[in-house]
Amino acid sequence: MENFPGYSGPVIDSVLHGEGAKLIKGNIHDILPVSGRTWKGKKPAAKDAQPFRQEDGELSVMTRTVKNYPYLYFPDDGHTTLRHAGNQQFMYRGAENSASRIIDLCVEKLTQELEE
């Protein structure tokens, strides 16, 4: 990145905001827990829906829940109650599982752009 000041940032942003964000959301989605609870009017389980949205930033991407799934933060909060097991960290683990592939994608894209 030091060899390409002002150039590497936009390339990395394009990877993060595109393929990287999809990879993160997919890896989180793969490890989402399913409660199996049902009742009249209940929305589909997060695992059966698209519960995430992304917020793009400079050299960053943040994965958040959509309006119907704000409860997804509870399993990550560390607190265990009668109705949920805390400290599952599936959001963190899903993002962490994506890191090495995203780094590889960034390096590949920078290399391609350098060769052109």
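**Close-up views of the predicted model**

**View A. Asparagine 68 is placed in the loop that runs between β2 (60-65) and α2.** The model shown here and in the other views is a predicted one. Asparagine 68 has a relative accessibility of 39%, so it counts as partly exposed, the class between 20% and 50%. Proline 44 is 24 residues away from asparagine 68 along the chain, and the C-alpha atoms of the two are separated by 9.6 Å.

**View B. Leucine 59 sits in the loop between β1 and β2.** The phi angle of leucine 59 is positive, at about 55°, although this residue is not a glycine. Most residues other than glycine have a negative phi. With a relative accessible area of 42%, leucine 59 is partly exposed, because this value lies between the limits of 20% for buried and 50% for exposed. Strand β1, on one side of this loop, covers residues 52-57 and has the highest mean pLDDT among the elements of the protein, at 95.

**View C. Serine 8 belongs to helix α1.** Its relative accessible area is 4%, which is under 20%, so serine 8 is buried. Once residues up to four places away in sequence are set aside, serine 8 touches Met1 and Leu110.

**View D. Valine 11 is another residue in helix α1.** Valine 11 has a relative accessibility of 7% and therefore counts as buried, the limit being under 20%. Its contacts, leaving aside neighbours within four places in sequence, are Lys109, Leu110 and Glu113. Lysine 109 is 98 residues from valine 11 along the chain, yet their C-alpha atoms are separated by 7.0 Å. Leu110 is thus shared between two views: it is touched by serine 8 and also by valine 11.

**View E. The largest nonpolar core is made up of 20 residues.** Those with the most contacts inside this core are Ile28, Leu32, Phe52, Leu72 and Phe90. Helices α1 (8-30) and α2 (90-115) each supply at least two residues of the core. Helix α1 gives the most, with 7 residues.

**View F. Leucine 72 is one of the core residues with the most contacts inside the core.** Not counting residues up to four places away in sequence, leucine 72 touches Leu32, Ala46, Pro51, Phe52, Thr65 and Phe90. Among these partners, Leu32, Phe52 and Phe90 are also listed with the most contacts inside the core.

**View G. The charged end of lysine 42 sits over the ring of tryptophan 39.** The distance from this charged end to the ring centre is 5.4 Å. Aromatic pairs, in contrast, number 0.

**View H. The whole protein is shown for orientation, with 2 helices and 2 strands.** Along the sequence these elements follow the pattern α-β-β-α. The protein has 116 residues, and 29% of them count as buried. It exposes about 7900 Å², of which carbon and sulfur atoms supply 53%. Of the contacts between residues at least 6 apart in sequence, 51% join residues at least 24 apart. The average pLDDT of the protein is 86, and 89% of the residues score at least 70. Helix α2 has the lowest mean pLDDT among the elements, at 91. Where pLDDT is low, the predicted coordinates should not be read in detail.

Key. Residues numbered from 1 in each chain as written. Predicted model: local features only at pLDDT ≥ 70, side-chain atom pairs only at ≥ 80, totals over all residues. Heavy atoms only, no water. Helix = DSSP H or I, 4+ residues; strand = E, 2+ residues; numbered from the N terminus. Buried < 20%, exposed > 50% of the residue type's maximum accessible area, 1.4 Å probe, protein only. Contact = heavy atoms within 4.5 Å. Areas by Shrake-Rupley, 256 points an atom, 1.4 Å probe, with all protein chains shown as cover. Phe/Tyr/Trp six-rings, centres within 6.5 Å; stacked < 30°, edge-to-face > 60°. Lys NZ or Arg CZ within 6 Å of the ring centre and 35° of its normal. Core = buried A, V, L, I, M, F, W, Y, C linked by side-chain atoms within 4.5 Å. pLDDT = per-residue confidence, 0-100.
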